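Me: Hey, got a minute to go through a structure with me? I'd like to take it one piece at a time.

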Amino acid sequence: MAAAAPTAQVKPPFWRNVRVLRWAFQAVFLFLVIVFLLYLWGNLTDNLERLGIRTDFRFLRQPAGFAIPDSDFRSSQSVWDAFLVGARNTAVVSILGIVFATILGVLVGVARLSSNWLVRRAAALYVETLRNVPVLIIIIFWWAGILIRLPSLDENELFGLVNLSNRGLVLPWLDRTADLTLFLVVVLLTGVAAALVIRWRTRRFDATGEPHHRVLWGLGVALAGVTLAYLVTGRPFTTSLPEVGSFGTTGGFRLSPEFGALLIALTLYTASHIAEIVRGSILSVQQGQSEASNALGLSGFQRLRHVVLPQAFRVSVPPLANQYLNLTKNSSLGIAIGYYELTRIARISISQAAPAPQATLVLMLFYLAFSLFIALVTNIVNRRLEIEGR
Amino acid sequence: MPKRRLIITGLMLVVVSLLAAGCFHSDDENGNGNGEAAQTDTGGEDSGQEGGGVFQQVQDRGNVICGVNDAVPGFGTATEGGEYEGFDIDYCRAVAAAVLGDANAVEFRALTADQRFTALQSGEVDVLIRNTTFTASRDGAEGARFLHTTYYDGQGMMVTEESGFTELEDLAGSTVCVLSGTTTELNLETVFQARGIDYTPLTFEENEPLQQAFIQGRCDAWTSDISQLAGVRSAWPDAEGGPDSLVIMDEIMSKEPLGPVVRDGDDDWADAVNWAVVVTIQAEELEITSENVQEMAGSDDPEIQRLLGQPVEGEPFDAGLGLDAEFALNVIEQVGNYGEIFDRHIGPGSPLALDRGINALWTDGGLQYAPPYR
């Protein structure tokens, strides 16, 4: 009798049926969430209409009316173009910050594990100090306390090529004197050639075992190619050196104190976090690896470079990605010192009659784009480093 | 089965969204016609066209929330005791005296130039009296309504005495500091472009870091409304050279009519604030001051009687503004007339030492002209 009627055929009534209840709860929850969001949306649009403020994105095409220093932006260009300039500034600070912070962070992280007591203590001091101070304070300190107190222009000596004052750091730069397209094409071809040469040298090394010197070969090819391109296309640029005028320098490439303070502060702060991540990831590599490399007679540097760091790197990629995202978003603190990055531009345009909800939404979308890009790159790196089967 | 689950989830999303959206059919007429979610009031009526908007809220609450500046000496600063004082502050108190009968029934909110319009639009402040210039885009796109101008100003440029600059052309190639979120930022760009003067702007959100940058020589000139420059200059620390180390150029770069601001769409409140300001000018025209106002209340002049809300053959005059009949008397007694407010904070006897100039009464050749109170 038990085999005649399978128990699975008997269904409980729907109010006791777990499957139905699960779906029902989810449906109700979803309903409440959507109702809440629609209520917020309705509230916002109603209030904007009541005040007579537009709810579209047309403000992006309006002329900006304000100027942005250190760029070619003209005040008659649109607000959208201003946002793009801000995005470029944010990108520059973020990318440079990520590169420098990683280099410094790895150095400090390795230093914390050094056998030298002084080095170890100095690194620990650096990490503990900078990790525990809010990054905004560090930014303001560097700007107000150091960079704008550099000697002003009149008292400054010109160190030949570089000019440093409280108006900024001016580096020698290249001035375009003719069309660059042909030059860039040749440079691109040179890059490809250099990559091929490196690959050839590596193949040769794998086959015969002779030292490859591939970096030297690659650089040599690149340098030769670029010089050839420069000469052949008729010297399409000249160097421009900073010259001191009555108010500021003309010529050269200027890095403002605001940019400098933001970059230095972000680098120092994020490097202190990256140092801890690196330290943790090195400690996670099994002790046996270090013992084995010592037994093989590898020096300390070789052990780090060839055995420990490659394994540690795999572990450190997800937290590093986190720090990179933090750095990108922390660049918005540049508004405190007047650096024209994305948040600053958005705030200026809001205060010059752009509607606040739409402008803030555009701002958030830009940051989202940056963050997703960084996450994408680090996810690709992560996936390639993963141990198969995990 | 994953496919079945996917179908059910998809169907559920569609049904639930339709149901939820059906609860909200707004935008056709005023109001959200739904019975599901809780409905909160946004300022009395939804459209705010009828009375009872901010005016009602202020009376219910018992005080006026005024958005002000706390960083411009003479117009709006915070004193050591945490109190606020200044030309604009006194006008906040005048509004409170008119609407509530008590000049001290004010709550001050210090706002930066960037925040001020968002604070006004969102209802965080009832009125914004913060040296704000009347412009078309603020009237339109920012949803603001400007009331009677209290101070006709212009934009100027301040440099150090030792630089020796006297005209704008001297600033070619220089760095100029300016506050962001102001008309001065836009005017600087317009004027310098029109005259073909090359420059680098450096903007800040607050006066504090701007002052630091100017002191350190990070920028060569500071541009702002002349009244603001005068205020900042009057409080310049002696350690940096004191007020005499700075000079405000003779150039006037733009028109800057400063006045109180309220939100669009609330005419009753706008009228109340407007007339609170106008009666101070009218009082000066009739030579009524805070000291003689009680005497003047007994005067036989019908204009004075009407202004001070004294009965003229029976009923005192009621202009239908929703204000007390004696509101002008309260304002003049507790705050003063336009001349008194001006002299107290920014006049020739004050640290700013500004002349009445174009802010004199129309009878003295200036622009202050009160519409008749009748």
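**Helices, sheets and a contact between chains**

Reply: Sure, let's start with a helix pair: α8(A) and α9(A) cross in a right-handed way. Keep in mind that this is a predicted model.

Me: Which residues make that contact between α8(A) and α9(A)?

Reply: From α8(A) you have A:Gln289, A:Ser290 and A:Ser293, and from α9(A) there are A:Arg303, A:Val307, A:Val308 and A:Gln311. Sorted by type, the residues of this contact are two nonpolar, four polar and one charged.

Me: And at what angle do the axes of α8 and α9 of chain A cross?

Reply: Roughly 165 degrees, and the axes come within 10 Å. Angles over 145 degrees count as roughly antiparallel, so α8(A) is roughly antiparallel to α9(A). To find them, look at residues 287–295 for α8 and residues 300–330 for α9, in chain A.

Me: Got it. Where in chain B do α9 and α13 sit, and at what angle do they pack?

Reply: In chain B, α9 covers residues 267–285 and α13 covers residues 338–345, and the two pack at an angle of about 100 degrees with their axes 7 Å apart. The range for roughly perpendicular is 65 to 115 degrees, so α9(B) is roughly perpendicular to α13(B).

Me: Which residues touch there?

Reply: On the α9(B) side they are B:Thr280, B:Ile281 and B:Glu284, while α13(B) brings B:Tyr338, B:Gly339 and B:Ile341. That contact divides into three nonpolar, two polar and one charged.

Me: Switching to sheets. In what order do the three strands of the open sheet in chain A come?

Reply: The order is β1-β2-β7, with antiparallel pairing. At the edges are β1 (163–165) and β7 (253–255) of chain A, each pairing on one side only. Ignoring direction, neighbouring strands in this sheet are turned by 15 degrees against each other on average.

Me: How many bridges are there between β1(A) and β2(A)?

Reply: Three bridges, in the antiparallel sense, with β2 of chain A being residues 168–171. If you want a spot to zoom in on, A:Leu164 stands opposite A:Leu169 in β2(A).

Me: What holds strands together in general, by the way?

Reply: Strands of a sheet pair through backbone hydrogen bonds, and they can do it parallel or antiparallel.

Me: OK, chain B now. What's the strand order in its three-stranded open sheet?

Reply: In chain B it goes β2-β3-β4, and the pairing is antiparallel. The edge strands there are β2 (71–72) and β4 (84–85) of chain B, each pairing on one side only.

Me: How many bridges join β3 to β4(B)?

Reply: Two bridges join them, and β3 of chain B is residues 76–78. B:Thr77 stands opposite B:Glu85 in β4(B).

Me: Let me zoom out. How many helices and strands are in chain B?

Reply: Chain B has 13 helices and 13 strands. Its C-alpha atoms fill a box of roughly 85 × 70 × 40 Å along the principal axes. Of the 374 residues in chain B, 45% are buried.

Me: And what share of chain B's contacts join residues at least 24 apart in sequence?

Reply: It's 70%, counting contacts between residues at least 6 apart.

Me: How many residues does each chain put into the contact between them?

Reply: Chain B gives 52 residues and chain A gives 41 residues. On the side of chain B that touches chain A, α1(B) gives the most, with nine residues. That side of chain B divides into 18 nonpolar, 21 polar and 13 charged residues.

Me: Last topic: backbone angles. What is phi of B:Glu287?

Reply: It's near 60 degrees, which is a positive value in a residue other than glycine. Most residues other than glycine have a negative phi. B:Glu287 lies in the loop between α9 and α10 (293–297) of chain B.

Me: Is B:Glu287 buried or exposed?

Reply: The cut-off for exposed is 12 or fewer other C-beta atoms within 10 Å. B:Glu287 has 11, so B:Glu287 is exposed.

Me: And what about phi of B:Ala353?

Reply: Phi of B:Ala353 is near 55 degrees, also a positive value in a residue other than glycine. You'll find B:Ala353 in the segment after α13 of chain B. With 14 C-beta neighbours inside 10 Å, B:Ala353 counts as partly exposed.

Key:
Residues are numbered from 1 along each chain as its sequence is written. Chains are lettered from A and ligands numbered from 1 in the order in which they are written. This is a predicted model: local features need pLDDT of at least 70, side-chain atom pairs count only at pLDDT 80 or more; totals for chains, interfaces and linings use all residues. Axes are lines fitted to C-alpha atoms, for helices over the stretch in contact, and angles run from 0 to 180 degrees between N-to-C directions. Helices (H or I, at least four residues) and strands (E, at least two) are DSSP runs, numbered from the N terminus. Angles under 35 degrees count as roughly parallel, over 145 as roughly antiparallel, 65 to 115 as roughly perpendicular and the rest as oblique. A crossing is left-handed if the near helix is turned anticlockwise from the far one by less than a right angle, and right-handed if clockwise. Two residues are in contact if their C-beta atoms, placed from the backbone, lie within 7 Å. Ala, Val, Leu, Ile, Met, Phe, Trp, Tyr, Cys and Pro count as nonpolar, Asp, Glu, Lys and Arg as charged, and the others, Gly among them, as polar. Two strands pair if DSSP finds at least two bridges between them. A residue is buried if 20 or more other C-beta atoms lie within 10 Å of its own, exposed if 12 or fewer, and partly exposed in between; C-beta atoms are placed from the backbone.
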